[in-house]
Amino acid sequence: MSLRDTIARLDKQGELVRVRREVDRTFELAAVAKKLDGGPAVIFENVRGFSMPVVLGTDGTKDRVAANLGVKSHELVHRFARAIGEPIPPVRVADGPVRARRLRAPLDLGALLPVPHHYEKEPAPFITTGMLVARDPDSGVQNLSYQRLQLKTGARTGVYMLHRHLHQIYDKNCARGRPTDVAVVIGMDTAVRLAAATWGSNIPIELDEFAIAGGLRGRPVEMVRCETADLEVPADAEIVLEGRLLPGVREPEGPMAEFTGGYGSDGPKQVFEATAVMMREDALYQDILPFANEHHLMLGLPYEGVLYRFVKASIPGLHDVHITPGGCGKFLAVLALDKRDDGDAKNAILCAFGAIRDIKLVVAIDTDLSAANERHLQFALATRVQGDRDIFMIPGAKGNELDPIQDVYGSITKIGIDATKPLARADRFEIARIPGLEGIDLKDYLS
Ligand code: MN
């Protein structure tokens with residue numbers, strides 16, 4: 001269930017390549033990773049100046065994510081919806097592989113970790129797969145969330161927190177004049193990565209994301225105590241940076257290329273200071289290349305589970321949902337449903353807008369097509385949309401802050417497209433089939 005188990009399985013199935021040639025952490029590693037985008041996972045074994053290898057792409061395709069969780073691709077959304085509904089809390093264990101090596105201050109994170117510098121206008125390398133563990137001082141419940149961390153000198157990084165759960169915990173501690181203990185987890189399996197990628201607006205702060213990871217794994221995540229912080233972290237992590245968010249401290253941070261492909265905000269941000277490091281023997285550094293398929297999948301897959309639960313509650317005929325990676329993993333959703341009434345499709349689209357703020361274009365299709373198949377999407381748009389009746393817009397809605405098209409008031413226009421066939425004339429939309437097609441195995445004909 002660890003990242004190592006995933007790598008071993010991908011290696012055996014020929015879905016992993018190894019780059020043995022020396023690469024520079026500045027741009028070269030990212031450029032090779034970008035060329036491999038959507039292809040196999042990759043391990044860079046020789047990053048100039050470092051003995052630690054860098055791995056990317058273990059969750060680089062939807063089929064691979066599904067296989068990593070032991071399900072078929074079309075079952076992913078249901079597995080995720082179930083994990084949110086039936087979380088399995090983590091359990092404490094005495095020891096684990098992540099405790100093999102332990103380092104204390106003085107720490108130099110930039111010399112210790114081969115953090116790639118991905119994009120041209122970024123001022124420094126960013127840790128893009130850092131999952132931050134923090135504890136709510138009131139409830140005692142841990143929170144797990146991705147935050148980008150900009151390398152600075154020594155043990156410090158910048159932190160860009162949006163106003164969600166971690167920021168709420170930080171604010172509570174600041175109000176009491178206290179730093180916030182934080183552990184940065186790097187190098188995890190698919191279940192923990194997806195759980196960390198869920199959003200505060202969809203998951204209550206009282207729900208520990210490690211319990212969602214347990215639900216995804218089908219068994220509890222085993223946790224060990226940190227050495228210098230009152231926190232628990234996964235026993236099978238590759239690397240854990242322990243430390244604290246400093247109260248009241250702000251330093252320049254950013255810009256970093258974000259999921260939209262553009263450079264997000266820069267300005268004064270909070271600061272993390274590491275106090276200790278735990279890591280496995282021969283630890284691997286896990287990286288995610290922003291604005292690449294793996295990034296967009298990690299963003300979109302948790303949305304699919306949330307979207308499915310929310311829309312299904314109103315529209316029982318909902319069959320499947322898909323957030324397209326090409327839509328930056330956030331903006332474009334496809335709903336496949338069996339209509340009882342013609343209005344069901346538009347109602348489902350309205351539910352989707354209500355479920356997730358970031359979604360701005362929703363297409364409803366029939367279940368004789370597959371939500372995840374882009375050709376099917378184009379077919380539905382091409383043959384089942386009467387523009388004046390089936391396309392509707394909601395101007396002035398709130399969208400994602402990083403959407404470059406948002407207007408000066410920070411709002412966007414949401415677009416719904418009903419690409420389902422009208423019930424009264426459904427026979428005109430029958431897709432011709434060839435009898436026996438499903439039973440044909442080409443091996444029987446081409447040998
Ligand atoms: Mn949370």
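This is a short walk through one predicted model, from its metal site to a single proline.

Okay, some housekeeping. Since the model is predicted, local features need pLDDT of at least 70 and side-chain atom pairs count only at pLDDT 80 or more, while totals for chains, interfaces and linings use all residues. Residues are numbered from 1 along each chain as its sequence is written, and side-chain values use heavy atoms, with hydrogens and water left out.

Let's start at the metal. Which residues hold the manganese ion? The protein donors are Asn143 through OD1, His165 through ND1 and Glu209 through OE, at 2.0 to 2.3 Å from the ion. Donors here are N, O and S atoms within 2.8 Å of the metal (3.2 Å for Na, K and Ca); water is not among the atoms, so sites may look incomplete. Along the chain, the donor spacing reads N-x21-H-x43-E. Asn143 sits in strand β8 (residues 142–146) and His165 in helix α6 (residues 165–175), 22 residues apart, so this pair links distant parts of the chain. By the way, helices (H or I, at least four residues) and strands (E, at least two) are DSSP runs, numbered from the N terminus. Buried or exposed, that pair? Both Asn143 and His165 are buried, and buried means under 20% relative accessible area, exposed over 50%, partly exposed in between (1.4 Å probe, protein chains only).

Next, the sheet. It's an open one with four strands, in the order β1-β2-β3-β17, and the pairing is mixed; strands pair if DSSP finds at least two bridges between them. At the edges stand β1 (16–19) and β17 (285–286), each with a single partner strand, so one side of each has no neighbour in the sheet. Further in, β2 (residues 41–44) and β3 (residues 54–56) pair in the antiparallel sense over three bridges. Phe44, for instance, has Val54 in β3 as its bridge partner.

Last stop, Pro220. Where is it? In the loop between α8 (209–217) and β12 (222–225). Pro220 counts as partly exposed because its relative accessibility is 30%. Leaving out residues up to four places away in sequence, Pro220 touches Ile88, Pro89, Pro90, Val91 and Gly214, where contact means heavy atoms within 4.5 Å. And from the C-alpha of Pro220 to that of Leu194, 26 residues apart along the chain, the separation is 15 Å.

That's the tour, thanks.
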